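Thanks for making the time this morning. I would like to walk through one model with you, strand by strand at the start and then residue by residue.

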Amino acid sequence: GIDYDGAPAGVATVEPGDVRHASVRSTYMRSGSPGLVLLPRTTEQVARAVRWARTQPVPLAVRSGGHGISGRSTNDGGLVLDLRHLAGVEVVDPATRLVRVGPGARWGEVAQVLAPHGWAITSGDYGGVGVGGLATAGGVGYLGRAHGLTIDHVRAVEVVLADGSVVRADAGHEPELFWGVRGAGGNLGVVTSFDLQARELGDVGFAQLAFAVTDLARFLVGFGALVEGSPRDVTPFLLMGPPRGGQVVVQLSAMVAADDPDVVIDRLQPFAHLAPLVQQAVHLVPYAAVVAHGGGQHDGQGEPVTRSGLVEHLTEGFAADAEALVLSGRVPFFQVRSVGGAIADVPPDATAYAHRSAGFSVLAMGSDRAWLDERWDAMTHHCAGIYSSFETDPRPERIPEVYPEPTLTRLRALKARVDPEDLFGHNLSVAPR
């Protein structure tokens with residue numbers, strides 16, 4: 001269904017049969033087989049590609065780094081707009097720490113550029129993640145409780161809209177678009193550059209602890225209480241898999257946004273008493289060392305199956321259900337990320353990411369969609385919403401959980417103005433069905 005002869009002039013393309021197709025077809029987690037991959041190098045080429053994509057009767061996926069758990073940056077038989085060549089990282093104004101970053105840059109690269117200045121921009125926890133997807137969806141990372149979400153540091157964007165027009169949006173120009181791009185950008189256009197304000201940051205404390213846990217529900221409740229009672233300069237994550245020998249090995253990774261060893265130890269010590277430790281390591285390192293670049297070719301296999309949620313607190317009820325899920329042995333990956341802190345300082349209507357009161361982001365990954373949906377659907381009463389980047393459930397009832405009212409109504413009005421034909425419908429579209 002793709003007219004290759006009419007492909008946008010001057011834009012590099014890769015189609016099936018090309019030796020390069022294997023390196024651009026899939027994402028980190030999802031296998032794909034797009035009919036054509038477009039590789040623009042400039043904003044004008046992105047605009048040309050978008051105008052041409054509107055004429056094609058196939059889905060369009062937009063990709064920055066391709067690391068997203070959702071797998072929505074590829075497809076089968078459609079178009080992929082791959083932004084890997086728009087990857088510049090430039091200091092625009094040293095006095096205000098303003099940095100201009102392309103969507104195809106990786107966060108590890110950004111951290112390396114900013115490190116000599118003593119700056120950092122809060123990002124995800126893996127350096128291979130692309131800037132574009134994370135900086136339009138939210139940006140939950142190791143500096144979250146200290147510095148907020150990545151979108152909270154965006155000061156302006158350049159966006160290619162569905163009609164191919166190029167718009168600069170900031171607080172004073174196209175403010176409604178600027179509001180929507182920060183949290184729902186994948187619905188509204190293709191961001192070709194971000195102006196982000198970095199923060200001053202010296203070395204950070206980074207801990208990796210492993211626990212042998214026999215009472216997981218109790219452990220989760222205790223962890224949640226410790227996080228909520230901790231100063232916001234500490235942001236811990238938990239990761240666990242199926243039980244072995246009656247125990248669950250829980251890995252805790254935590255960043256302390258401080259370069260004083262005494263402060264780092266003081267923040268971490270309470271967590272060390274949650275359960276018997278089987279491994280521990282604490283280092284004082286540059287932020288860039290923690291989010292070191294981890295790029296390379298993505299060769300995902302199959303279709304990722306995840307369910308996720310944002311919860312206010314790790315209550316006993318949630319912890320009991322989470323324990324049952326993990327002990328089933330059918331969830332190879334269960335994660336709890338701390339949010340809150342500085343994230344909650346931003347009013348819920350300031351950006352299209354409205355879930356500011358949540359204390360934790362939780363994620364379960366499995367291989368059986370029907371089984372995981374049944375189990376997770378029974379747990380959704382614990383959740384206050386969903387962070388879009390971690391969710392693969394395509395059912396339309398997820399949309400109001402990602403974008404609660406009145407955010408959803410406001411987004412739909414904006415969507416009707418800038419993308420009335422739902423060209424960018426491959427990203428949890430808010431367009432009414």
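Let me begin at a single bridge, where aspartate 93 stands opposite leucine 98 in β6. What you have on the screen is a predicted model, and I ask you to keep that in mind throughout. The bridge I just named belongs to the pairing of β5 with strand β6, residues 98-101, which is antiparallel and extends over four bridges. Helix α2, residues 43-53, packs on the sheet, where it touches β8 (154-160), β9 and β10 (190-197), and the direction of the helix makes about 50° with that of β8.

As for the sheet itself, it is an open one of five strands, paired antiparallel, in the order β5-β6-β10-β8-β9. Which strands stand at its edges? They are β5, residues 89-93, and β9, residues 166-170, and because each has a single partner strand, one side of each is left without a neighbour in the sheet. Between neighbouring strands the average turn is 20°, with direction ignored.

There is also a record to set beside this part of the chain: an unreviewed UniProt entry carries the annotation "domain: FAD-binding PCMH-type" over residues 29-201. Over residues 29-201 the chain is 23% helix and 26% strand, and the C-alpha atoms at the two ends lie 32 Å apart.

Moving on along the chain, I would like to look at strand β13, residues 234-240, in which six of the seven residues are buried, so the strand is largely enclosed by the rest of the structure. β13 is joined to strand β14, residues 248-256, by seven bridges in the antiparallel sense, and to strand β17, residues 333-338, by four bridges, again antiparallel. Methionine 240 takes part in both pairings, since its bridge partner in β14 is valine 250, while in β17 it stands opposite phenylalanine 334. As a general reminder, strands of a sheet pair through backbone hydrogen bonds, either parallel or antiparallel.

Let me turn now to three individual residues, starting with glutamine 208, which sits in strand β12, residues 204-213. Is glutamine 208 buried, exposed or something in between? Its relative accessible area is 39%, and because that value lies between the 20% and 50% cut-offs, glutamine 208 is classed as partly exposed. Beyond its neighbours within four places in sequence, glutamine 208 is in contact with Leu252, Ser253, Gln279, Gln280 and Ala281. For alanine 281 the two distances are worth putting side by side: 73 residues from glutamine 208 in sequence, and 5.3 Å from C-alpha to C-alpha in space.

The second is serine 70, found in the loop between β3 (60-63) and β4 (79-82). Serine 70 is buried, with a relative accessible area of 14%, and once neighbours within four places in sequence are set aside, its contacts are Pro304, Ser389, Glu391 and Thr392.

The third is histidine 382, in the loop between α11 (369-377) and α12 (399-402). With a relative accessible area of 18%, histidine 382 counts as buried because the cut-off is under 20%. Which side chain does the side chain of histidine 382 meet in a polar contact? The partner is the side chain of histidine 381, at 3.3 Å. Not counting residues up to four places away in sequence, histidine 382 also touches Val311, Thr315, Gly317, Phe318 and Asp321.

That is where I will stop.

Definitions and conventions. Residues are numbered from 1 along each chain as its sequence is written. This is a predicted model: local features need pLDDT of at least 70, side-chain atom pairs count only at pLDDT 80 or more; totals for chains, interfaces and linings use all residues. Side-chain values use heavy atoms; hydrogens and water are left out. Buried means under 20% relative accessible area, exposed over 50%, partly exposed in between (1.4 Å probe, protein chains only). Contact means heavy atoms within 4.5 Å. A polar contact is a pair of N or O atoms within 3.5 Å; within protein, one must be able to donate a hydrogen and the other to accept it, and residues adjacent in sequence count only if both atoms are side-chain atoms. Two strands pair if DSSP finds at least two bridges between them. Axes are lines fitted to C-alpha atoms, for helices over the stretch in contact, and angles run from 0 to 180 degrees between N-to-C directions. UniProt positions are given in the numbering used here, feature names are shortened, and annotations may be inferred rather than shown by experiment.
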